[in-house]
Amino acid sequence: MFNIKSASENSIIIYFGDQMSPALIEKISFYCQLLTDKLADIIIDVVPSYTSLLISYRLNLINQQDMCDRVEKYLLSHDIDTVESSSKLIEIPVYYDFEVGLDLEELLSEKQLSLEEFIAIHSSKEYLVYAIGFSPAFAFLGEVDQRIRKNRLPSPRIQIPAGSVGIADNQTAVYPINSSGGWNIIGRSPLDFSLDNPDNLKRFAVGGSIRFVPIDKDKYLALGGIL
Amino acid sequence: MSINVIKSGFLSLVEDYGRFGLAQYGLSQSGVADEHAYCWANHLLDNDFNDAVLEITFGGCELTVLSDISIVVTGADLGFKINDKIQPLWQVINVSSGDNLTWSVAKSGVRAYLAVKGGFQTTEFFNSRSSNLREQIGAKLIDGDLLSYDSTSSEMTHHAMPSHFFPNYEQDLILRLLPTYQFDQFEQHQKDVFFNQDYTISSAYDRTGCRLEGQSIKDSQSKMISEGISYGSVEITTEGFPIILLKDSPTIGGYPKIGTVFSLDLAKLAQRQIGNKVSFELMDIETAQQKRRDFNVFFGIQ
């Protein structure tokens with residue numbers, strides 16, 4: 001059901017399963033919130049992701065064994081079925097086109113899809129946030145439809161423009177800032193995801209839902225998109 | 001009231017105890033690389049444990065004081081001088097407007113810490129003054145920067161660290177490792193290779209992580225599902241070599257981890273140079289917690 005291991009002198013990691021799935025990430029997100037509420041005075045940080053939840057805590061106040069015991073008590077006494085999910089759907093406009101989708105042409109020819117078909121497949125799905133990491137506010141979204149999955153590039157690009165939307169295997173993501181990376185770039189969002197606006201840090205949360213909304217070039221430019 | 005940066009040096013960063021509570025959004029812990037030297041600097045000035053200091057890596061740094069203030073310099077011996085005269089480390093010094101502070105080259109250790117009374121009052125990002133270049137939060141010093149502080153205090157007495165606490169940054173370092181994460185999934189013969197060798201610190205060593213060279217742990221597990229990273233986690237790459245993840249590391253990672261280095265040993269690692277030797281030995285969690293708790297109590301860390 002779950003398995004707690006030490007992660008450092010002041011952190012533990014709880015494993016809830018060994019394969020990513022919508023049900024599991026919902027469960028992890030639920031227990032993450034529950035423990036954050038119940039143990040607010042002793043928890044320093046939480047990192048939920050895919051199959052696990054890392055918790056660091058104030059070792060001045062509690063030792064590892066007691067921490068494990070308290071966490072276990074809450075996990076056993078609270079059932080996820082008793083609450084409803086409160087996360088809202090976030091919409092992200094994306095301009096899908098060869099001029100911003102650096103790998104789109106190759107992906108379409110490999111998958112034998114038209115641009116319209118590809119856009120319909122990528123944008124028709126609601127994605128779940130499975131993890132946040134790599135860089136701040138970089139959300140790993142899943143799962144990508146089988147028909148448009150593609151492995152990472154053999155070697156990462158040095159510079160991917162901020163707002164670029166990529167696919168790597170069964171996941172998709174938006175690059176919040178200019179960075180290097182190996183995902184297949186299929187389009188770009190005109191939104192500002194950078195931490196120049198501090199509110200952007202908390203745009204995504206593990207367990208949240210995202211949908212991509214296709215926009216044309218005029219809309220992309222009108223929303224502040226850069227070419 | 002401020003200090004003027006004449007020469008920024010190789011890599012000089014404003015850091016505090018770190019950035020906490022936002023790891024779930026992907027923000028690193030960040031903060032000083034050597035908590036031991038950092039905590040002593042603030043302690044001697046009677047500062048808060050979280051006050052921001054300047055972390056000077058390798059030297060090449062020159063500053064001019066623009067108003068009287070009490071300072072402490074701790075950590076590496078980078079040839080610290082005031083107005084061309086060698087100065088003691090690990091003790092309070094009262095400096096005056098116009099004084100010229102310089103750090104030349106690394107004689108022993110890697111990182112020196114300059115603390116001022118009351119701490120540097122640079123801009124906070126997400127509740128911390130720590131810079132993290134990987135995250136593009138804050139920036140390294142550049143020539144002409146001004147580091148401000150509140151100079152309200154009068155001259156302080158010359159508090160100094162007792163000499164028996166003086167660290168020796170030249171010793172080969174034994175890193176105490178807690179058996180965490182995937183420790184149990186490594187085979188005994190792999191652990192034998194890991195614990196029975198002297199590793200060499202490679203050139204891939206910065207505030208994000210420290211890659212070690214040595215004999216490979218053969219047949220290491222391939223990448224796994226990414227999970228939360230703790231400060232000091234020791235990842236084993238698919239080639240079988242350890243990477244110790246440090247303050248600026250990403251919050252999640254996908255290599256199996258053989259354990260986690262005790263935090264106070266990471267402070268010692270922060271003063272070791274490329275080419276230095278390190279080895280690992282096991283430590284139990286209770287001992288680590290007791291030692292860290294003692295440290296926290298002594299320095300007033302909440």
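**Exercise 1. Find the element that holds Ser2(B), then work out whether Ser2(B) is buried or exposed.**

Step 1: Ser2(B) sits in strand E1 of chain B, which covers residues 2–7. Keep in mind that you're looking at a predicted model.

Step 2: The relative accessible area of Ser2(B) is 10%. Buried means under 20%, so Ser2(B) counts as buried.

Step 3: Now look at the company Ser2(B) keeps. Skipping neighbours within four places in sequence, its contacts include Thr64(B), Val65(B), Leu146(B) and Tyr149(B).

**Exercise 2. Trace the sheet that strand E1 of chain B belongs to, and say which strands stand at its edges.**

Step 1: Walk across the sheet in chain B: the order is E7-E6-E9-E4-E1-E11. That's 6 strands in an open sheet, with antiparallel pairing.

Step 2: At the edges you'll find strand E7 (85–86) and strand E11 (146–148) of chain B. Each has a single partner strand, so one side of each has no neighbour in the sheet.

Step 3: Zoom in on E1(B) and E11(B), which pair in the antiparallel sense over 3 bridges. Here Asn4(B) stands opposite Leu146(B), a residue of E11(B).

**Exercise 3. Locate the largest nonpolar core and say which helix gives the most to it.**

Step 1: This core has 77 residues, and those with the most contacts inside it are Ile14(A), Leu35(A), Met67(A), Phe118(A) and Phe212(A).

Step 2: The top contributor is helix H1 (residues 22–38) of chain A, with 8 residues.

Step 3: Check the domains too: the core takes at least three residues from each of domain 1 (3–82) and domain 2 (89–222) of chain A.

Step 4: Pick Phe212(A) and list what it touches beyond four places in sequence: among them are Ile92(A), Tyr96(A), His122(A), Leu141(A) and Val174(A).

Step 5: Don't stop there, since a second, separate core of 58 residues includes Ile3(B), Val14(B), Cys39(B) and Ala270(B).

**Exercise 4. Describe how domain 1 and domain 2 of chain B meet.**

Step 1: Set the bounds: domain 1 of chain B runs over 2–165 and domain 2 over 173–299. Their centres, taken over C-alpha atoms, are 27 Å apart.

Step 2: Count the contacts: 31 residues of domain 1 of chain B touch 20 residues of domain 2.

Step 3: Turn to area. About 2000 Å² is buried between these two domains of chain B, and carbon and sulfur atoms give 49% of that. On the domain 1 side, Glu35(B), Arg111(B) and Arg134(B) lose the most, together 25% of what that side buries.

Step 4: Finish with charges: 4 salt bridges link domain 1 and domain 2 of chain B.

Terms used:
Residues are numbered from 1 along each chain as its sequence is written. Chains are lettered from A and ligands numbered from 1 in the order in which they are written. This is a predicted model: local features need pLDDT of at least 70, side-chain atom pairs count only at pLDDT 80 or more; totals for chains, interfaces and linings use all residues. Side-chain values use heavy atoms; hydrogens and water are left out. Helices (H or I, at least four residues) and strands (E, at least two) are DSSP runs, numbered from the N terminus. Buried means under 20% relative accessible area, exposed over 50%, partly exposed in between (1.4 Å probe, protein chains only). Contact means heavy atoms within 4.5 Å. A nonpolar core is a set of buried Ala, Val, Leu, Ile, Met, Phe, Trp, Tyr and Cys residues joined through side-chain atoms within 4.5 Å. Domain bounds come from an automatic or database domain assignment. Two strands pair if DSSP finds at least two bridges between them. Buried area is the accessible area (1.4 Å probe) that two parts lose on being put together, summed over both. A salt bridge is a side-chain nitrogen of Lys or Arg within 4 Å of a carboxyl oxygen of Asp or Glu.
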